[in-house]
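I opened the model today to look up a few points. My notes follow in the order I checked them.

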Amino acid sequence: MSPTRIPQPEDFNPLKPHLSLSLHYPSPPESTTAILLLFHGLGDSDTPFLSFARNLSLPGVLAISVRGIAPLPPSLLGLPLDSGPTNNFHWGDDLKLDGRTGEIDMDPGYDKVWELVMGKLIGEVLMKECGWELGDILLFGFGQGGGVALGLGSKVRTWEGGVGVGEDEAKVREVKEGEEVKEGVVVGERKEKEKAFKGIVSIGGALPPSMIPSISAREKAKTPVLVLHGSESEYVGEDEVDLIKREFENVKVVEWKRPDDGMPRSREEVLPMMEFFAERLKSGWP
């Protein structure tokens with residue numbers, strides 16, 4: 001692993017054309033001490049979330065707004081089929097409709113996201129090439145992007161890429177059924193750093209069951225989590241909150257007075273998020 005250095009735009013060139021992103025550096029860039037990855041909602045793009053990160057202006061934080069891995073088809077947006085690629089993206093391996101509701105399935109599988117974001121962006125670029133650790137990285141997501149952030153935090157507890165591996169061993173491997181896991185590592189293997197991010201904020205996003213490790217003896221994920229949602233959230237109800245609390249060790253849930261999710265609109269809605277960021281940024285690892 002390289003000595004820690006601030007990622008430069010050219011460091012992300014190997015991710016193209018499979019993964020696109022936008023960057024916002026703190027002022028001055030040399031003050032960077034943490035990284036924030038942002039994942040937009042279904043049908044959005046990275047640009048508005050870069051503006052959100054710019055407005056947050058978290059001190060010492062390099063914001064990386066990631067674009068969904070595939071555009072929505074024009075037909076879903078009411079556009080002619082020959083309109084060409086849209087600027088509205090999603091995160092799933094595929095687009096599926098929920099057989100009960102007829103709405104888009106929010107858990108269509110996220111193997112491609114895991115490979116591109118966890119394996120390439122985080123494992124190869126941020127960690128292997130630039131020397132950062134999981135505990136330096138915050139995740140923020142809205143809607144489907146919030147689910148992606150939670151899913152990465154859930155699945156990383158069985159990850160073997162990027163941390164303490166050799167120069168050409170930055171690979172992804174899930175812990176196998178029957179292997180004993182203790183304190184985040186397979187018993188009998190050398191323990192490296194805790195497999196947890198610095199923190200996760202999810203607005204209106206639920207943990208996708210497909211991103212929960214399948215091993216039965218798994219420990220709870222160690223990444224601290226803040227979940228924000230409306231009182232009549234479309235995707236986050238009691239069952240979804242219970243699932244997040246079963247899989248994560250440290251979870252805070254804030255239900256807004258307004259019914260819908262959406263991005264924070266008032267000081268009352270923003271305050272829990274800013275307090276969470278402040279707490280995580282001043283804390284030690286993770």
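**Entry 1: a first pair.** I began with D46 and R67, whose side chains meet in a salt bridge at 2.9 Å, N to O. The model is predicted, so I take that distance as a computed one. D46 sits in helix α1, residues 46–56. R67 sits in the loop between β3 (61–66) and β4 (70–71). The two are 21 residues apart, and the pair links distant parts of the chain.

Next I asked whether D46 is buried or exposed. D46 is buried, because its relative accessibility is 1% and the cut-off for buried is under 20%. R67 has a relative accessible area of 25%, so I noted R67 as partly exposed.

**Entry 2: the remaining salt bridges.** I looked up the total and found 11 salt bridges. I picked out E268 and K257, which meet at 3.7 Å, N to O. E268 lies in helix α5, residues 267–282, while K257 is in the loop between β11 (251–255) and α5. They are 11 residues apart in sequence, so this salt bridge ties those parts together. Both E268 and K257 are exposed.

Then I turned to R265 and D260. Their side chains form a salt bridge at 2.8 Å, N to O. R265 is exposed, since its relative accessible area is 58% and exposed means over 50%. D260 is partly exposed at 31% relative accessibility. Which residues do the shared partners join into one network? I wrote down R258, D260, R265 and E269.

**Entry 3: helix against helix.** I went to helix α2 (residues 111–129) and helix α3 (residues 144–155). Their axes come within 11 Å and cross at roughly 75°. I call α2 roughly perpendicular to α3, because the crossing angle falls in the range of 65 to 115 degrees. On the α2 side, the contact is made by D111, V113, W114, V117 and M118. On the α3 side, V148, L152 and K155 make the contact.

**Entry 4: a loop residue.** I checked E133, which lies in the loop between α2 and β6 (137–142). E133 has a relative accessible area of 24%, so it is partly exposed. I also took the C-alpha to C-alpha distance from E133 to I35, which is 9.9 Å. In sequence these two are 98 residues apart.

**Entry 5: aromatic rings.** I searched the whole structure and found 5 aromatic pairs. One aromatic cluster is formed by F49, F52 and F140.

**Entry 6: the chain as a whole.** I noted 5 helices and 11 strands in the protein chain. The chain has 286 residues, and buried residues make up 50% of them. I also looked at contacts between residues at least 6 apart in sequence. Of these, 75% join residues at least 24 apart.

**Entry 7: confidence.** I closed with pLDDT. The chain averages 87, and 86% of the residues score at least 70. Where does pLDDT stay under 50? I marked residues 163–173, for which the model has 27 contacts beyond four places in sequence. I also marked residues 182–192, where pLDDT is below 50. That stretch has 22 contacts in the model beyond near neighbours in sequence.

Note on methods:
Residues numbered from 1 in each chain as written. Predicted model: local features only at pLDDT ≥ 70, side-chain atom pairs only at ≥ 80, totals over all residues. Heavy atoms only, no water. Salt bridge = Lys/Arg side-chain N within 4 Å of Asp/Glu carboxyl O. Helix = DSSP H or I, 4+ residues; strand = E, 2+ residues; numbered from the N terminus. Buried < 20%, exposed > 50% of the residue type's maximum accessible area, 1.4 Å probe, protein only. pLDDT = per-residue confidence, 0-100. Contact = heavy atoms within 4.5 Å. Phe/Tyr/Trp six-rings, centres within 6.5 Å; stacked < 30°, edge-to-face > 60°. Axes fitted to C-alpha atoms, helices over the stretch in contact; angles between N-to-C directions. Parallel < 35°, antiparallel > 145°, perpendicular 65-115°, else oblique.
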